[in-house]
Amino acid sequence: MNTATTPVRTIKARRSVIENIRRNLKTAPLTAWFGMIVILLYAICAVFAPLLAPYGESEIVGKAYQLSSPENWLGTDQIGRDTLSRLIFGARNTIGIALITTLLSFLIGGSLGVLAALKRGILDQGISRVVDAFLAIPVLIFALMMLAVVGKNLINLIIILALLDATRVFRLSRAVALNSVVMDYVESARLRGEGMGWIVFREIVPNILPPLITEFGLRFCFVFLTISALSFLGVGIQPPTADWGSMVAESKSLISFGRPAPLYPAAAIALLTIAVNFVVDWFLHKTSGLRDGH
Amino acid sequence: MVTDKKRVKGETLLDIKGLKIDGYSDDVWNPIIKGIDLTLKRGEVLGLIGESGAGKSTLGLAAMGFARPGCRISGGSIMFDGMDLIAASEEQRRALWGSRIAYVAQSAAASFNPAHHIIDQTVETAVAHNIMTREKAEADARDLYKRLQLPNPNTIGDRFPHQVSGGQLQRAMTAMAMSCRPDLIIFDEPTTALDVTTQVEVLAAMRDIVEQFDTAAIYITHDLAVVAQMAHRIMVLRYGNLVEEATTRAMLKSPTQEYTRSLWAVRKLQKPESISDDIALRIHNVDASYSGAIKVLDNVTVQVPRGRTVAVVGESGSGKSTLARAITGLLPPSRGEIYFNGKPLPRTLAERDKDTLRRIQMIYQSADTALNPRQKVRDIIGRPLEFYLGLKGADRDRRVVELLESIELNESYIDRLPGEMSGGQKQRISIARALAAEPEIIICDEVTSALDQIVQEEILSLLMRLQKKTNVSYLFITHDIATVRAISDEIVVMHQGKVVQQGPKSQVLSPPFPAYTELLLSSVPEMDPDWLTGLLAKRSKKAKVSA
């Protein structure tokens, strides 16, 4: 025993969370930095859209189909709204909705997946087979069908996409949780008399978090693309709300006249998808313990 | 025989000089092997011994000219039969592997492909290297099976790996390694995963076949008594350095280095037996089964006195871990009763109240899986304090530090994750977690089996000290007789779900023995190079008499 016990002792933490993050950032590769900066820029656009955008979201500022000019840097759309402003507001809507949808799908899919892994038996079988049935139907077609049934509004869109996406999250979280529930530390917690909440959120979830966070990044991209696709098809985010998918749809015919209008929102979608993937790749690499080249 | 060169016994086969190997971790190269010389003559068996992390496996693999991923050979030379393995191309080395240098790994079950017949895998190397035709190789494999004393040598190869026992599979892997009659064979802890009773057969078979073909061998193990049976010469390694090298007999007789002597000392740990009639836990006529058909526990009666240690011994499948599950309530007994402090214990976990749960704690074999890798020591030890005793915040942390000190660690460990500690330290944390609940009984399930001998001794003496201090009872499940000798007051011998014998240590460990206890006790390797030979002679004599 090295130290004598004094009546009052303060036990200090060794390394703070901030320090850990700083250490990790130091070793981040260029691609990850690129991804993080892009995501940060998008986030700034989304949060401060009203301050950044030169005009209002659905404000008509001039003639339709204008080319780039000092007043409208990226030109105007079919009814004369500023394309740049709509792109900036679009970030807010598209990313915000995709984020809410993904979070919801992880909440549903993740908790059901861990629960199924922990309880096994009939509960697991029941949920798994329902999920299998859902997975048999292509997402886009299923989403179109459901939207036709319940009506196309924002809340319905979010709920339907979240539910459909939750099936995939369920499969992953169940699979990774299965590896964790057989561990002695889970048995040890059960022997201690811990409740379900503690076992799920304190024993299992921290151990399956890395693959889930990675999956979160990827699923976010998919949801984002699905929303864009639905908007393109006219059942997603409804006008006059600015949204990249519908912006592509509205200006798509211009491409045949050699006009770049549909490329701006498309590029915004592509860039964010790539950036998120870069960051996810880095995170996956860090948490999987893979070491390159050695 | 496949090599054109004639094998001359006594000629130098392997010559390693000044070998240095680095391993990559935390973004830097750290030396694992720090300049080791090793020579091996044809027909000679060299034992490599040391704790985990000593570099013995790395050195063994280097003898094949192979560095594991994440390792690099940074200096020295490896000459195998006149060929420089470091300078050799990947193809040249690959041609040697399997045909002239073979490797037998620790876990046969993990090394065999479960989807193919054993014989197909045994002959694969010989056929792939175009050494023999398939028919010839299969006939040869059957011959090897026979030499390795496998039952039904003509048909056993047609089985799948899961259809034979662990000991048989380990021998089948030796047959695989021998199929090309290699010049050098490397055994990497081949019997570590086996029960003592099976270990004897496997050791005898391996020793025999290596002798028959004059194969040179490197035998890697952490068990001195085992290496004493197998090797002509022993090298003791520590931290990548050579500590001592001598012939087996010379080293056993008079080790020159302090470290080597400390390896010897472990087996001498012994606690005086003390008997008590104050029974804390009584398991009475308990049956238990997993699916209903086969009884894993069959009419088991065991008593655990307060403040004493009861060791439960037996080989794998004897039901000793199931006994722990029955006591903890994870597997409710199908018949019989368990009494705790004279009162019947509720059968299932769900029926037991918090205070009952607190009084019975458990320590697992592998601290790697028993400690949540994402929780810090503060939370691992702190949780039972908070959960059972309602300690919070600074009070809780202070108690955690007290517990850390009682297991001979200190405050600086409080923010560590399990991954940042050594195996022995992790096992100490498991012990502290159990102690935090202030239990009356701790079930220790093979708690030292995964540890090195020196660490084992430290953990065992820590457990003994803690028992003296807190008067806790241990139900100590193990397959290792040396451990049993070291810490038990009473011994329960289990075999196939039944209690074969129960009584005070002195009584169980002295004759007359029931048949199974005798088999178990006689199978424990001793530090005598003639032990295995003597044992085999005794057993075959007995077999003749009874036949």
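**A walk through chains A and B**

Let's start with a small detail in chain B: helix α17(B) is followed by B:Asn471, whose phi is positive, near 60 degrees. Before going on, please keep in mind that this is a predicted model.

Let me stay with that helix for a moment. Helix α17 of chain B covers residues 453-470, and its 18 residues should span 26 Å at 1.5 Å a residue; the end C-alpha atoms are 26 Å apart, so the two figures agree. Which residues of α17(B) are buried? They are B:Gln453, B:Val455, B:Gln456, B:Glu457, B:Ile459, B:Leu460 and B:Leu463.

Another helix of chain B makes a nice companion. Helix α7 of chain B, residues 196-212, has 17 residues and reaches 24 Å from its first C-alpha to its last, close to the 24 Å expected at 1.5 Å a residue. The buried residues in α7(B) include B:Thr198, B:Gln199, B:Val200, B:Glu201 and B:Val202. Further along α7(B), B:Leu203, B:Ala205, B:Met206, B:Ile209 and B:Val210 are buried too. After α7(B) comes B:Asp214, and here again we meet a positive phi, near 55 degrees.

Now for the sheet in chain B. What is the order of its strands? Reading across, we have β6-β7-β8-β3-β9-β10 of chain B, an open sheet of 6 strands with mixed pairing. At the edges stand β6 (101-104) and β10 of chain B; each has a single partner strand, so one side of each is left without a neighbour in the sheet. From one strand to the next, the twist averages 15 degrees.

Something also packs on this sheet. Helix α6 of chain B, residues 166-178, touches β6 and β7 (184-188) of chain B, and its direction makes about 170 degrees with that of β6(B).

Let's go inside the sheet, to strand β3(B). Is β3(B) mostly covered or mostly open? It is mostly covered, with 5 of its 5 residues buried. As a bit of background, side chains in a regular strand alternate between the two faces of the sheet. In β3(B), B:Val45, B:Gly47 and B:Ile49 point one way, B:Leu46 and B:Leu48 point the other way, and all are buried.

Who are the neighbours of β3(B)? On one side, strand β3 (residues 45-49) and strand β8 (residues 216-221) of chain B run parallel and are joined by 5 bridges. Within that pairing, B:Val45 has B:Ala217 of β8(B) as its bridge partner, and B:Gly47 stands opposite B:Tyr219 in β8(B). There is also β9(B), which pairs with β3(B) in the parallel sense over 4 bridges. Here B:Leu48 stands opposite B:Met235 in β9(B).

B:Met235 takes us on towards the edge, as its bridge partner in β10(B) is B:Glu245. Strand β9 (residues 233-238) and strand β10 (residues 241-247) of chain B run antiparallel, with 6 bridges joining them. Their hairpin has 2 residues between the strands, and B:Tyr239 takes a positive phi there, near 50 degrees.

Let's turn to chain A. How many helices and strands does chain A have? There are 11 helices and 0 strands. The C-alpha trace of chain A spans about 80 × 50 × 45 Å along its principal axes. Of the 294 residues in chain A, 35% are buried. Among contacts in chain A between residues at least 6 apart in sequence, 66% join residues at least 24 apart.

For one helix pair in chain A, look at α6 (residues 139-150) and α7 (residues 154-181). Their axes come within 10 Å and cross at roughly 145 degrees, and the crossing of α6(A) and α7(A) is right-handed. From α6(A), the contact uses A:Val139, A:Phe142, A:Ala143, A:Met146, A:Leu147 and A:Val150; from α7(A), it uses A:Asn156, A:Leu157, A:Ile160, A:Leu161 and A:Leu164. By class, that makes 10 nonpolar, 1 polar and no charged residues.

I'll finish on a single residue, A:Phe232, in helix α9 (residues 196-233) of chain A. Why does A:Phe232 count as partly exposed? It has 19 C-beta neighbours inside 10 Å, and a residue needs 20 or more to be buried. Leaving aside neighbours within four places in sequence, A:Phe232 is in contact with A:Gly245, A:Ser246, A:Val248 and A:Ala249. A:Ala275, by comparison, is 43 residues from A:Phe232 in sequence and 22 Å from it in space, C-alpha to C-alpha.

Methods: Residues numbered from 1 in each chain as written. Chains lettered and ligands numbered in written order. Predicted model: local features only at pLDDT ≥ 70, side-chain atom pairs only at ≥ 80, totals over all residues. Expected span 1.5 Å × (residues − 1). Buried ≥ 20, exposed ≤ 12 C-beta atoms within 10 Å, placed from the backbone. Axes fitted to C-alpha atoms, helices over the stretch in contact; angles between N-to-C directions. Left-handed = near helix turned anticlockwise from the far one by under 90°. Contact = placed C-beta atoms within 7 Å. Nonpolar A, V, L, I, M, F, W, Y, C, P; charged D, E, K, R; others polar. Pairing = 2+ DSSP bridges.
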